[in-house]
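Student: I would like to learn how to read a structure of this kind. Could we go through it feature by feature?

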Amino acid sequence: MSSLSLRPDNPVVGEAIPHESARLHVSGAALYTDDLVERTKDVLHAYPVQVPYAHARITAMHTAPALEVPGVVRVLTGADVPGVNDAGVKHDEPLFPDEVMFFGHAVCWVLGETLEAATLGALAVKVEVEPLPSLIK
């Protein structure tokens, strides 16, 4: 844990305390996830399969066509997550939902040797849904 998380001896409201990664961000030296891909050997790319409904129940998911795309290694679905199925942050949104809760909701992820393979694989997945009423204001 950095010293920035500790309460200072003489706390003063309004005193400027730089964020611990600020210098790296403003200098352009900070590393982001996309920067690490080229530095790591044998990294797979993930691309979401998204559903174009604001609210729907998933009735079927056909992932086999994605596996026929050259470079696609695997399609991750809810069947691959035993037990707790959430994104791990607030425990309020399933990582692999059975019910779509917003337009563009990711329902599974395609892993590929390249971003292009993962993207094309995601486009090959066919998701069947039962549209449900949505609340739009």
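What follows is a short dialogue on the sheet, the salt bridges and the largest pocket.

Tutor: Keep in mind that this is a predicted model.

Student: Let us begin with the sheet. In what order do the three strands of the open sheet stand?

Tutor: In general, strands of a sheet pair through backbone hydrogen bonds, in a parallel or an antiparallel way. Here the order is 4-2-6, and the pairing is antiparallel. Strand 4 (99-100) and strand 6 are at the edges with a single partner strand each, so one side of each has no neighbour in the sheet.

Student: How many bridges join strand 2 to strand 6, and how many join strand 2 to strand 4?

Tutor: Strand 2, residues 56-62, pairs with strand 6 over six bridges. Two bridges join strand 2 to strand 4.

Student: Which residues stand opposite Ala-60 and Arg-57 in strand 6?

Tutor: Ala-60 faces Glu-128, and Arg-57 faces Glu-130. On the strand 4 side, Ala-56 has Val-100 as its bridge partner.

Student: Now the charged side chains. How many salt bridges are there?

Tutor: The general idea is that side chains of opposite charge can pair when their charged atoms come close. The count here is two salt bridges. One of them is between Arg-57 and Glu-130, whose closest N and O atoms are 3.3 Å apart. This pair links distant parts of the chain, with Arg-57 in strand 2 and Glu-130 in strand 6, 73 residues apart. Asp-80 and Arg-74 also meet in a salt bridge, at 2.9 Å from N to O.

Student: What is the relative accessible area of Arg-57 and of Glu-130?

Tutor: Partly exposed means a value between the 20% and 50% cut-offs. Arg-57 has 36% and is therefore partly exposed; Glu-130, also with 36%, is partly exposed. In the other pair, Asp-80 is partly exposed at 31%, and Arg-74 is partly exposed at 42%.

Student: Last, the largest pocket. How many residues line the largest pocket, and which lie nearest its centre?

Tutor: To read a pocket, take its volume, its lining and the elements that supply the lining. The largest pocket has a volume of about 160 Å³. Its lining has 13 residues, and Val-49, Gln-50, Val-51, Ala-122 and Val-125 lie nearest the centre. By class, the lining residues are 11 nonpolar, one polar and one charged.

Student: Which element gives the most to that lining?

Tutor: Strand 1 does, with five residues. Strand 1 (45-51), helix 4 (115-124) and strand 6 (126-131) each supply at least two residues.

Terms used: Residues are numbered from 1 along each chain as its sequence is written. This is a predicted model: local features need pLDDT of at least 70, side-chain atom pairs count only at pLDDT 80 or more; totals for chains, interfaces and linings use all residues. Side-chain values use heavy atoms; hydrogens and water are left out. On a 1 Å grid over the protein atoms alone, a cavity is a set of points where a 1.4 Å probe fits but cannot get out, and a pocket is an open set with protein on both sides within 12 Å along at least five of seven lines; lining residues have an atom within 4 Å of a point. Grid points are joined across faces, edges and corners, and a volume is the space filled by probe spheres set on the points. Helices (H or I, at least four residues) and strands (E, at least two) are DSSP runs, numbered from the N terminus. Ala, Val, Leu, Ile, Met, Phe, Trp, Tyr, Cys and Pro count as nonpolar, Asp, Glu, Lys and Arg as charged, and the others, Gly among them, as polar. Two strands pair if DSSP finds at least two bridges between them. A salt bridge is a side-chain nitrogen of Lys or Arg within 4 Å of a carboxyl oxygen of Asp or Glu. Buried means under 20% relative accessible area, exposed over 50%, partly exposed in between (1.4 Å probe, protein chains only).
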